[in-house]
Amino acid sequence: MLLPNYSIGSKFKEIEESLSYEFSYRFEPAYVTRKNQLLPVILDHNEGKIEHARWGIGNEVKRSEIYPWVRSEGIIRKTHTRVLIRNNRCLIPANGFFINKKNESTYFIYFPKNKIVTFGGIWRLLKDNEMDRPVITFSLISCASYGKISTLTNRIPIVVHPGAHRKFL
């Protein structure tokens, strides 16, 4: 099963008010996100800013490989994520995520109590050869699904609740 895309279709003012962070750039809603797209992330709780970053951490050895998702299980054991999970955690604002069942329907999973949630992620600063400058890249952290949603998918993004933002970062 492919890991899902997510949506951040809310207007920037809604996101700023909901999360108590300010955008540091001009944000355009992304109703369906895709790999390599510039999307909003929160890197540091003390800064209070929402930055833009490219979705998918690149492999430094195999430049063609991009990791939009990393598994929570074993994240400390893997060389390419060990340092990032310790020092480079981020929050990714979202309205929900999509599950695409092969040869079936697409489901949008959202959170009725919170229009805007944050997913947990990791980030890395890499040199962008096209723009000849550094760019922030990020990957979402996924965990095993459970309950009713496990009938649709075996992986979901980790949701970081508002009270845990500071501790997560």
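**Salt bridges, core and sheet of the predicted model**

Lys13 has a relative accessibility of 46% and is therefore classed as partly exposed. The model in which this value was computed is a predicted one. The side chain of Lys13 forms a salt bridge with that of Glu16, with an N to O distance of 3.7 Å. This separation falls inside the limit of 4 Å used for such pairs, so the contact qualifies as a salt bridge. Both partners belong to helix 1 (residues 12–19), where Lys13 and Glu16 are 3 residues apart, or about one turn of the helix. Glu16, in contrast to the partly exposed Lys13, is buried, its relative accessible area being 13%.

In total, 5 salt bridges are present in the structure. Side chains that carry opposite charge can pair when their charged atoms come close. Among these salt bridges is the one between the side chains of Arg26 and Glu28, at 3.2 Å from N to O. Glu28 has a relative accessible area of 47% and is partly exposed, whereas Arg26, at 71%, is exposed.

Another salt bridge joins the side chains of Glu73 and Arg155, with 2.8 Å from N to O. Glu73 is located in the loop between strand 7 (69–71) and helix 2 (79–87), and Arg155 in strand 13 (residues 155–157), so this pair ties together parts that are 82 residues apart in sequence. The two partners fall into separate accessibility classes: Glu73 is partly exposed, with a relative accessible area of 38%, while Arg155 is buried, with a relative accessible area of 5%.

Cysteine pairing was examined next. The count of disulfides is 0. Cys90 takes part in no disulfide, and the nearest cysteine sulfur to it, that of Cys143, lies 16 Å away. Likewise, Cys143 is in no disulfide, its nearest cysteine sulfur being that of Cys90 at 16 Å. A disulfide requires the sulfur atoms to be within 2.5 Å, so the 16 Å between the sulfurs of Cys90 and Cys143 excludes this pair. Both residues are nevertheless classed as buried: Cys90 has a relative accessibility of 0%, and Cys143 has one of 18%.

The largest nonpolar core comprises 44 residues. Those with the most contacts inside this core are Tyr6, Ile15, Ile92, Phe97, Phe119, Phe138 and Leu140. Strand 12 (residues 133–144) contributes the most to the core, providing 5 residues.

Strands 1, 9 and 10 constitute an open sheet of 3 strands, arranged in the order 1-9-10 with antiparallel pairing. Its edges are formed by strand 1 (6–7) and strand 10 (106–110), each of which pairs on one side only. Strand 9 (residues 96–100) is joined to strand 10 by 5 bridges, and these two strands run antiparallel. In this arrangement, Ile99 stands opposite Tyr107 of strand 10. In general, the strands of a sheet pair through backbone hydrogen bonds, in either a parallel or an antiparallel sense.

Helix 2 has buried residues on one side and exposed residues on the other. Its buried residues include Thr81, Leu84 and Ile85. When helix 2 is viewed down its axis, the buried residues fall within an arc of 95°, so they line one face of the helix. Thr79 and Asn87, on the other side of helix 2, are exposed.

Two further buried positions were considered with their surroundings. Gln37 is situated in the loop between strand 2 (22–23) and strand 3 (38–41). Its relative accessible area is 15%, and Gln37 is therefore classed as buried. With residues up to four places away in sequence not counted, Gln37 touches Ala30, Val32, Ala53, Arg54 and Trp55.

Gly58, which is part of strand 5 (residues 57–58), is likewise buried, at a relative accessibility of 14%. Apart from neighbours within four places in sequence, Gly58 is in contact with Glu65, Ile66, Arg124, Leu126 and Thr137. For one of these contacts, Arg124, the separation from Gly58 is 66 residues in sequence and 8.7 Å in space, taken from C-alpha to C-alpha.

Methods
Residues numbered from 1 in each chain as written. Predicted model: local features only at pLDDT ≥ 70, side-chain atom pairs only at ≥ 80, totals over all residues. Heavy atoms only, no water. Helix = DSSP H or I, 4+ residues; strand = E, 2+ residues; numbered from the N terminus. Buried < 20%, exposed > 50% of the residue type's maximum accessible area, 1.4 Å probe, protein only. Pairing = 2+ DSSP bridges. Core = buried A, V, L, I, M, F, W, Y, C linked by side-chain atoms within 4.5 Å. Contact = heavy atoms within 4.5 Å. Arc of directions from axis to C-beta.
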